[in-house]
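Please open the model in your viewer, keep the selection panel at hand, and follow the stops below in order.

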There are 2 protein chains.
Amino acid sequence: MRLTVMTDYALRLLMFLGQRQDRLCTINEVAQAYDISEAHLMKVTHQLALHGWIETIRGKGGGMRLAHSPAEISLGAVVRNMEADFDLVECFASDGSCVLRGQCALAGVLRDALEEFLQHLDARTLADLIPGSLMFRLKEDGRESATIQART
Amino acid sequence: MRLTVMTDYALRLLMFLGQRQDRLCTINEVAQAYDISEAHLMKVTHQLALHGWIETIRGKGGGMRLAHSPAEISLGAVVRNMEADFDLVECFASDGSCVLRGQCALAGVLRDALEEFLQHLDARTLADLIPGSLMFRLKEDGRESATIQART
């Protein structure tokens, strides 16, 4: 069972930004930190910006940051918006030629199970993914150090 | 979000057999009925037989049938056994080089959500997927007719 790469990267990108709220971050550094595709991250960034979860600043010295506090970003909303569909099994998306058509309860049972999954995420926010005390800061040499801080 | 093809076909195969408990069914007819790959179905059949959910009878006139009544086949157990893994996001399966390693709560939150999904299925059986009154019977010409019967 898998979420799409888009959702996976979206969650990880938001976590990265959530831990670096004191500065702008670049796609390049996120790609390097997670060792994932920069091209995929660009699509994810575009999508997250469209939904208003992040702000992007163009040009030299530009980058991106969260547009809201982590506690205001619902994980359920992110997953519901980033997943292209929730067709758990092939026949959900088919033209309905199945012999069980009209008699099949599989779709209903799986959709109810999926709703339980999503409601669990609806009740959680990005803040739940970020240890309240952990912040990364850039040192003068451009490398990061983690520091312990109280969440405000 | 997707289940694997193996789980998808396993659920549909079990439903097909559950509606035809008065006779043996063949892989060929299941493949035709759902318009899906016979080769994939053979793997699924093998897996379901290994777990003791179906019985297969070899040779001419052979086929397969449920090894238990539909009410004894838990949907949660089928999904838990047929899915190769539950690595919802890529980093679950990675070697752990992530920068957030040790500080990341994503795995825990997603696994809890997944558990809600699976527990919903644990509470349901194959009998819940089969309208109690519907049974398919082979007519003399080899085609099927659906009949209404009380579930016993």
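Select A:Ile54 to begin, and then find A:Leu66 in strand 2 of chain A, which is its bridge partner. This pair belongs to a predicted model, and the strands around it are joined by 4 bridges, with strand 1 (residues 54–57) of chain A running antiparallel to strand 2 (residues 63–66) of chain A. Moving along to A:Ile57, which residue stands opposite it in strand 2 of chain A? The residue to highlight there is A:Gly63. Between these two strands of chain A lie the 5 residues of the hairpin, and among them A:Gly59 is worth selecting, since its phi is positive and near 90°. If you display side chains here, keep in mind that in a regular strand they alternate between the two faces of the sheet.

Now select the corresponding residues in chain B, where strand 1 (residues 54–57) and strand 2 (residues 63–66) pair over 4 bridges in the antiparallel sense. In chain B, B:Ile57 has B:Gly63 opposite it in strand 2, and the hairpin formed by strand 1 and strand 2 has 5 residues between the strands, with B:Gly59 in the turn at a positive phi of about 90°.

Next, colour chain A by secondary structure and trace the chain from the N terminus, where the order of elements reads α-α-α-β-β-α-α-β-β, for a total of 5 helices and 4 strands. Of the 152 residues in chain A, 44% are buried. Among contacts in chain A with a separation of 6 or more, 60% are accounted for by residues 24 or more positions apart. With a surface representation switched on for chain A, you are looking at an accessible surface of about 7,600 Å², and 48% of that surface belongs to carbon and sulfur atoms.

The next stop is a loop in chain A, between helix 2 (27–34) and helix 3 (38–50), where A:Asp35 is found. Most residues other than glycine have a negative phi. A:Asp35, which is not a glycine, nevertheless has a positive phi of about 55°. Is this residue, A:Asp35, buried or exposed? Its relative accessibility is 66%, and A:Asp35 therefore counts as exposed, the cut-off being over 50%. Selecting B:Asp35 takes you to the loop between helix 2 (27–34) and helix 3 (38–50) of chain B, where phi is again positive, near 55°, and where B:Asp35 counts as exposed at 65% relative accessibility.

Stay in chain B and move to the loop between helix 5 (106–122) and strand 3 (134–138), where you can select B:Thr125. B:Thr125 has a relative accessible area of 18% and is buried. Setting aside neighbours within four places in sequence, show the residues in contact with B:Thr125, which are B:Pro70, B:Ala71, B:Ile73, B:Ser74 and B:Leu75. B:Leu129 is also found in the loop between helix 5 and strand 3 of chain B, and at 0% relative accessibility B:Leu129 counts as buried. To see which part of the sequence to compare it with, draw a distance from the C-alpha atom of B:Leu129 to that of B:Phe16, a separation of 10 Å for residues 113 positions apart along the chain.

Finally, display both chains together and superpose them. A turn of 180°, with a shift of 0.0 Å along the axis, lays chain B on chain A with an RMSD of 0.0 Å. The two copies are therefore related as by a two-fold rotation axis. To locate this axis from the side of chain B, select B:Phe117, whose C-alpha is the nearest to the axis in that chain, at 2.5 Å.

How many residues does the contact take from each chain? Selecting them gives 45 residues from chain A and 45 residues from chain B. Of the interface residues of chain B, 100% are also interface residues in chain A, so the copies meet through the same surface. The size of an interface is often given as the accessible area lost when the parts come together. For chain A and chain B, the area buried between them is about 4,200 Å², with 68% of it on carbon and sulfur atoms. A search for salt bridges between chain B and chain A gives a count of 0.

Technical notes:
Residues numbered from 1 in each chain as written. Chains lettered and ligands numbered in written order. Predicted model: local features only at pLDDT ≥ 70, side-chain atom pairs only at ≥ 80, totals over all residues. Heavy atoms only, no water. Buried < 20%, exposed > 50% of the residue type's maximum accessible area, 1.4 Å probe, protein only. Contact = heavy atoms within 4.5 Å. Areas by Shrake-Rupley, 256 points an atom, 1.4 Å probe, with all protein chains shown as cover. Least-squares fit on C-alpha atoms with pLDDT ≥ 70 in both. Pairing = 2+ DSSP bridges. Buried area = accessible area lost by both parts, 1.4 Å probe. Salt bridge = Lys/Arg side-chain N within 4 Å of Asp/Glu carboxyl O.
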